[in-house]
Amino acid sequence: MSNMQKKTDVILIGAGVMSATLGSLLKELAPEWEIKVFEKLAVAGEESSNEWNNAGTGHAALCELNYTSEKPDGSVDISKAVKINEQFQLSRQFWSYLVNKNLIRNPQDFIMPIPHMSFVEGEKNVTFLRNRFKALSDNPLFQGMEFSDDPKKLKEWIPLIMEGRTSNEPIAATKIDSGTDVNFGALTRMLFDHLKTKNVEINYNHSIEDIKRAEDGSWDLKVHNIETGYIDDYNAKFVFIGAGGGSLPLLQKTGIPESKQIGGFPVSGLFMVCKNPEVIARHHAKVYGKAKVGAPPMSVPHLDTRYINNEKALLFGPFAGFSPKFLKTGSNLDLIGSVKPNNVLTMLAAGVKEMALTKYLIQQVLLSNEKRMEELREFIPNAKSEDWEIVVAGQRVQVIKDTKAGKGTLQFGTEVVSASDGSIAALLGASPGASTAVHVMLEVLEKCFPQHMFEWNSKIREMLPSFGESLVDNPKLFQEIHTSTAETLGLSKKELVYN
Ligand SMILES: Cc1cc2nc3c(=O)[nH]c(=O)nc-3n(C[C@H](O)[C@H](O)[C@H](O)COP(=O)(O)OP(=O)(O)OC[C@H]3O[C@@H](n4cnc5c(N)ncnc54)[C@H](O)[C@@H]3O)c2cc1C
């Protein structure tokens with residue numbers, strides 16, 4: 001055991017896409033700051049950020065029906081969709097900045113163009129989709145979206161989904177060609193490779209065991225070196241807890257008032273992966289359906305063309321389920337261990353309120369493979385069981401907190417929780433997730449380094465020309481950014497050309 005405490009400016013806990021993004025932003029804004037990363041696994045991007053653990057959708061609200069809601073008069077509220085689209089444009093700008101500066105290379109290894117589609121069945125859903133299309137197609141951020149309820153057109157767009165469809169129910173879809181598939185695992189690994197060249201010390205097989213406030217307001221960390229078994233002492237002026245599902249237990253250890261009355265509800269996931277190259281070749285889109293009644297938004301079924309290790313793949317899911325683990329590599333005691341005197345009432349209230357959800361998730365875990373095939377056949381009527389296998393996806397820990405809506409309310413978004421002096425921040429929740437990493441990490445910077453934001457402003461604007469701007473109110477800027485990022489990221493061939 002080494003007794004010498006090592007001091008540094010910044011510690012990033014976890015080597016997922018969030019720490020990778022924050023580290024990369026900080027290295028551009030404050031290159032002289034010393035940054036150390038601690039990751040308990042042997043490599044970067046192995047938990048939720050791994051390509052097999054998430055759906056790889058570049059969430060820009062082009063196809064996800066849960067980002068637009070129906071108002072009582074039947075019109076569609078698109079405000080959330082606009083926000084998410086603008087946030088995704090920030091990610092595209094940052095990735096383009098890194099490519100243009102040669103800090104990362106070969107963008108096709110992490111981002112590919114793919115049409116994003118929504119697909120619905122039944123009169124009511126078709127009406128909703130048509131109204132959603134009307135509301136979005138007038139908006140500059142969603143230009144190029146098409147709608148069709150004509151089976152012939154749909155056959156052209158999605159032959160695999162249309163083949164063998166016998167039901168007389170009305171069907172409809174929207175399609176927009178400017179969607180993306182993002183390999184967040186590859187991106188995370190690229191960003192850590194880049195950080196290594198900037199003298200960031202990345203310590204794999206190192207698990208953070210404890211975090212305590214030091215007398216001068218900085219943070220003392222106990223770090224378990226998994227290879228040697230030693231516990232080392234570190235101190236940092238700023239700590240980012242980017243431990244994915246592992247963030248909540250670490251946040252609780254800090255004891256900051258902002259960490260109280262918060263709980264976590266883990267949701268596990270499964271994907272079905274197609275093994276038949278002929279079937280894979282016949283589909284070319286991310287097709288999102290509508291969540292079943294009672295299902296949480298993260299279990300919206302979708303059939304996705306993916307690019308993994310530069311090969312085309314086809315995945316369906318995710319099937320949500322319940323597991324008490326906070327990380328895929330976590331422990332069955334994670335959930336119970338996160339119940340503390342300060343959040344027990346919050347957790348109990350959520351337990352009572354979310355009985356239906358828990359029941360739904362447990363039912364999902366118990367689904368047989370044939371039942372899962374039946375759900376897949378709602379998308380691909382002719383799907384054969386022998387062409388598909390199951391892979392276990394990542395864990396999401398949804399935040400539970402007391403809100404105006406009541407005690408113990410389950411949240412489906414992402415939350416940055418930070419100390420009032422900005423010396424520590426944690427990221428909780430997982431949606432919209434990795435796609436909006438740049439926006440979320442800017443929020444961390446704004447909350448934790450308000451004193452530097454003025455000095456950093458021009459560099460941030462250089463990296464992210466739309467920083468602080470509303471793109472929906474500035475269609476010309478949107479067009480410039482969308483076109484230039486498409487070119488840099490190799491998306492332009494199939495992207496729309498705006499007039
Ligand atoms: C099924 C599923 C589908 C998804 N689909 C999408 C999608 O289509 N598009 C999208 O944008 N997002 C999606 N997401 C969300 C996205 O994957 C996450 O938001 C994102 O990967 C979170 O990144 P992170 O860096 O916070 O966490 P992670 O990638 O989980 O990284 C956290 C890291 O911290 C490490 N760690 C944990 N505890 C400790 C400790 N004590 N000490 C040291 N290290 C520790 C872990 O080992 C891990 O490597 C999906 C998520 C899931 C689960």
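This is a short talk through one predicted model, from its ligand shell to its helix packing, core and backbone oddities.

Okay, let's start with the ligand. There are 41 residues around it, and the ones that come nearest are G14, G16, G244, G246 and G433. So what is the make-up of that shell by class? We get 18 nonpolar, 18 polar and five charged residues. If you look at which elements contribute, helix 1, residues 17-29, and strand 11, residues 206-213, each put in at least two residues. Helix 1 has the largest share, with three residues.

Stay with helix 1 for a moment, and look at how it packs. Two packed helices are described by the angle between their axes and the distance between the axes. For helix 1 against helix 6, which is residues 184-197, the angle is about 35° and the axes are 9 Å apart. The crossing is left-handed. On the helix 1 side, the contact is made by V17, A20, T21, G23, S24 and K27. Helix 6 answers with F184, L187, T188, L191, F192, H194 and L195. An α-helix has 3.6 residues a turn, so residues three or four places apart point the same way. Keep that in mind when you look at the spacing of those contact residues. By class, this contact divides into seven nonpolar residues, five polar and one charged.

Now the core. The largest nonpolar core has 132 residues, and I13, V239, I241 and M441 have the most contacts inside it. Which element gives this core its largest share? That would be helix 2, residues 79-100, with ten residues. And if you click on M441, leaving out anything up to four places away in sequence, you find M18, T21, L22 and L25 touching it. T21 is also one of the helix 1 residues in the contact with helix 6.

Next, helix 7, residues 247-254. Is it mostly covered or mostly open? Mostly covered: seven of its eight residues are buried. Those are S247, L248, P249, L250, L251, Q252 and T254. Right after the helix comes G255, with a positive phi near 75°.

Speaking of positive phi, there are a couple of non-glycines to show you. N205 has a phi of about 55°, and N205 sits in the loop between strand 10, residues 201-203, and strand 11. N205 counts as partly exposed because it has 15 other C-beta atoms within 10 Å. Then there's Q261, with phi near 50°, in the loop between helix 7 and strand 14, residues 262-274. Q261 has 18 other C-beta atoms within 10 Å, so this residue is partly exposed too; buried would take 20 or more.

While we're on the backbone, which peptide bonds should you check for cis? Have a look at G317 to P318, which is cis with omega near -10°. P318 is in strand 17, residues 311-321. Also look at S431 to P432, cis with omega near 0°. P432 is in a loop, between strand 22, residues 424-428, and helix 13, residues 437-448.

Last stop, T358, in helix 11, residues 355-365. T358 has 13 C-beta neighbours inside 10 Å, so it counts as partly exposed. How far from K340 is T358 in space, C-alpha to C-alpha? The distance is 21 Å, with their positions 18 residues apart in sequence.

That's my tour, thanks.

How values were computed
Residues numbered from 1 in each chain as written. Predicted model: local features only at pLDDT ≥ 70, side-chain atom pairs only at ≥ 80, totals over all residues. Near = placed C-beta within 6 Å. Helix = DSSP H or I, 4+ residues; strand = E, 2+ residues; numbered from the N terminus. Nonpolar A, V, L, I, M, F, W, Y, C, P; charged D, E, K, R; others polar. Axes fitted to C-alpha atoms, helices over the stretch in contact; angles between N-to-C directions. Left-handed = near helix turned anticlockwise from the far one by under 90°. Contact = placed C-beta atoms within 7 Å. Core = buried A, V, L, I, M, F, W, Y, C linked by C-beta atoms within 7 Å. Buried ≥ 20, exposed ≤ 12 C-beta atoms within 10 Å, placed from the backbone.
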